[in-house]
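Welcome! Here is a short tour of one protein model, from a single side chain out to helices, cores and a ligand. Keep the structure open beside you as you read.

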Amino acid sequence: MEIKIAALLFLAAVDLFFGLFVYLSNKRSPINIFYGLAVLSVGLWSLGVFMFFFSEASTLRFWSNFTYLAGSLIVGNFFAFSLIFPKEEWGRGFWRTAFLYLPNIFFVTALFFSNLIIKEVLIFPNGTRAILFGSLYFLYWLYFLVFLSSAFIILARRYFRAGGVERLQIGYVLVGSFILAAFGTLMNLWLPTVGIFDLFWLGPYFSMFLVTLLATAIFKYRLFNIRLISAEIFVALLIIVLFVNFFVSAGITAYLFNGIILLGGVVFGYFLIRGVINEIQAREEISRLAEGLNKANQELKKLDQLKSEFLSLASHQLRAPLTVVKGYISMIQEGNYGEIPEKLREALRRVYFSNERLINLVGDFLNISRIESGRLHYVFEPSIIADLIRSVVGEFKDFAKDKGIELSCQEPKETLPLARIDRDKFRQVIVNLIDNAIKYTRRGSIKIEISSDKDSILISTQDTGIGMAPEELDLIFKRFSRGEGATKVYTEGMGLGLYLAKRIVQDHGGEIWAESKGRGRGSTFYIKIPALTAEVKRAEQFKEFVEKI
Ligand code: ADP
């Protein structure tokens, strides 16, 4: 017996093994069931083709029937598979699938109990075998034509609609099955139709594409390994070509030569695939590491959140006693506990101011922890900004005077437009700016100016303090960042006030920026926020009116 025929038995075994493997790897999934059945049918078909050449005259008819029935089962199962792949749902697919098996029942009957599909099987004196087809044979190839092309159309349409992994999976299915369908039907369906049986043995060889391509694509490597699959296809093609080349060799030297080439091809293929697999493993390792990093990152985020929560809690706890201290100092200053000597008055003022600073700092902490946990909420109200600024300036006046700094506030004569602000938060911004100006100015003056045009209000604080280098002007608005000169003048600073101020001003739809002629030459900070225009004001009044009634 020729080796090319004997090898069919081996192919049949591989197909059957793969079919079983596919099914066993996930027994409950309909995809695995139908795909497994399709590959099993390929195995039966390969076995049938082998027996067609191997069997005695007496059983030849049986094996021919068997081969053609297996062919129809491949198509039926593949079609069922195309209906549910890759969604893995039974759904309506189940009923369609049951319906699909009807043609197969017909073929069993027609093949085994009549001469309608296969009329006669012949063995010529030289040993060649051939099949004469019956009058209903056209139904058989029609079935192939309709069901196979439908399956391909379904899969192709799904391929174009799908994305990502799904698209790749469908792509593999399409390529693998198309190779088998094209070559298998050519050699075992179309050529026999016109009486050519010379290549009848070659069809099952192409099942190797389907088996390796699909098995790796779906069940093992999924997305990553386009390279592996292409390497495998390449190697399989190479080996098939070399294999065929080997068997058609004429003469001993040719056999030897082609045998060596075939062996070389196998070794080359083995190393190629091994190389690709190694690379894939390296890539998987990297993705595992990345996953680890991701986890660590998440852990850190959690810690960061805990830190914010702690900050928030601690700030709350600190604020209450500080407010109590503030209340008592005020009462003492107002003389509620009797006349206070002039010397003590001065000390009390300093205590009061330090306490105020602490309250502000705690307020900053609280707001920052709110920003970080996404809980910074605003209550916007139309407000007279000048009033708010005047009151803050009033609070700082004495303290500035103590330092020998003149603090003044300049307002335009005409009334300023209102602005929609969250008073508490906006106040904190102004407090931070004036406090900074006092902190970072040794002598001279601080001028606060409010002005407006049609749609915005501009507030500026100009001091004669330590100033800033040009590269510091943007940096100071970042979290925890402090200017170089600042650390010498005021060691306790945290570098949070302006970060918070920027965030709050931006949330008001405004801008904040700093200007300075350079170190030692004073600084000016600007805040620009939208003014409440006449229409908006009217709308607000209307809303208030509606809410009242
Ligand atoms: P802190 O004052 O706690 O350092 P801020 O965020 O309020 O934090 O300020 C950040 C930095 O901006 C300060 O460290 C300082 O370098 C600079 N800065 C702020 N205001 C002034 C100012 N009026 N003059 C000079 N530098 C200033």
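Let us begin with Asn367, which has a relative accessible area of 4% and therefore counts as buried, since the cut-off for buried is under 20%. Bear in mind that the model you are looking at is predicted. Asn367 belongs to helix α10, and that helix is a good place to start the tour.

**Helix α10 and two of its asparagines**

- Helix α10 covers residues 342–372, which makes 31 residues.
- At 1.5 Å a residue, α10 should span 45 Å, and its end C-alpha atoms are 46 Å apart, so the expected span and the model agree.
- Which residues does Asn367 touch, leaving aside its neighbours within four places in sequence? Asn367 is in contact with Leu376, Lys425, Gln428 and Leu500.
- Asn360 is also found in helix α10. Its relative accessible area is 16%, so with the cut-off at under 20% Asn360 is buried.
- Beyond its neighbours within four places in sequence, Asn360 is in contact with Gln428 and Val431.
- Asn360 and Leu433 are 73 residues apart along the chain, and their C-alpha atoms are separated by 12 Å.
- Just after α10 comes Gly374, with a positive phi of about 70°.

**The nonpolar cores**

- The largest nonpolar core holds 71 residues, and the members that touch the most others are Leu8, Tyr68, Phe78, Phe81, Ile117, Ile131 and Tyr140.
- Helix α3 (residues 57–84) supplies the largest share of this core, with 14 residues.
- There is also a second, separate core of 50 residues, including Leu376, Val393, Ala419 and Ala501.
- Zoom in on Ile117: setting aside its neighbours within four places in sequence, its contacts are Phe107, Ala110, Leu111, Phe133, Gly134, Leu136, Tyr137 and Tyr140.

**Helix α5**

- Helix α5 (residues 137–161) has 25 residues; at 1.5 Å a residue they should span 36 Å, and the end C-alpha atoms are indeed 36 Å apart.
- Which residues of α5 are buried? They are Tyr137, Tyr140, Tyr143, Phe144, Phe147, Leu148, Ala151, Phe152 and Leu155.
- As you look along that list, here is a handy rule: an α-helix has 3.6 residues a turn, so residues three or four places apart point the same way.

**Around the ligand**

- The ligand is surrounded by 21 residues, and the closest are Tyr440, Arg482, Gly483, Met494 and Leu498.
- In the side chain of Asn436, an N or O atom is 2.9 Å from an oxygen atom of the ligand.
- Two backbones also come up to ligand oxygen: a polar backbone atom of Gly495 is 3.0 Å from an oxygen atom of the ligand, and a backbone N or O atom of Gly497 lies 3.2 Å from one.
- How much of the ligand does the protein cover? On its own the ligand has 530 Å² of accessible area, and the protein covers 97% of that.
- Elements giving two or more residues to the shell around the ligand are α12 (423–439), α15 (497–507) and β9 (523–530). The largest share, three residues, comes from α12.

**A residue to look up: Phe480**

- Phe480 sits in the loop between α13 (472–475) and α14 (486–489).
- Although Phe480 is not a glycine, it has a positive phi of about 60°.
- Is Phe480 buried or exposed? Its relative accessibility is 52%, and because exposed means over 50%, Phe480 counts as exposed.

Notes:
Residues numbered from 1 in each chain as written. Predicted model: local features only at pLDDT ≥ 70, side-chain atom pairs only at ≥ 80, totals over all residues. Heavy atoms only, no water. Helix = DSSP H or I, 4+ residues; strand = E, 2+ residues; numbered from the N terminus. Expected span 1.5 Å × (residues − 1). Core = buried A, V, L, I, M, F, W, Y, C linked by side-chain atoms within 4.5 Å. Buried < 20%, exposed > 50% of the residue type's maximum accessible area, 1.4 Å probe, protein only. Contact = heavy atoms within 4.5 Å. Near = heavy atom within 4 Å. Polar contact = N/O pair within 3.5 Å; in protein donor to acceptor, adjacent residues only side chain to side chain. Areas by Shrake-Rupley, 256 points an atom, 1.4 Å probe, with all protein chains shown as cover.
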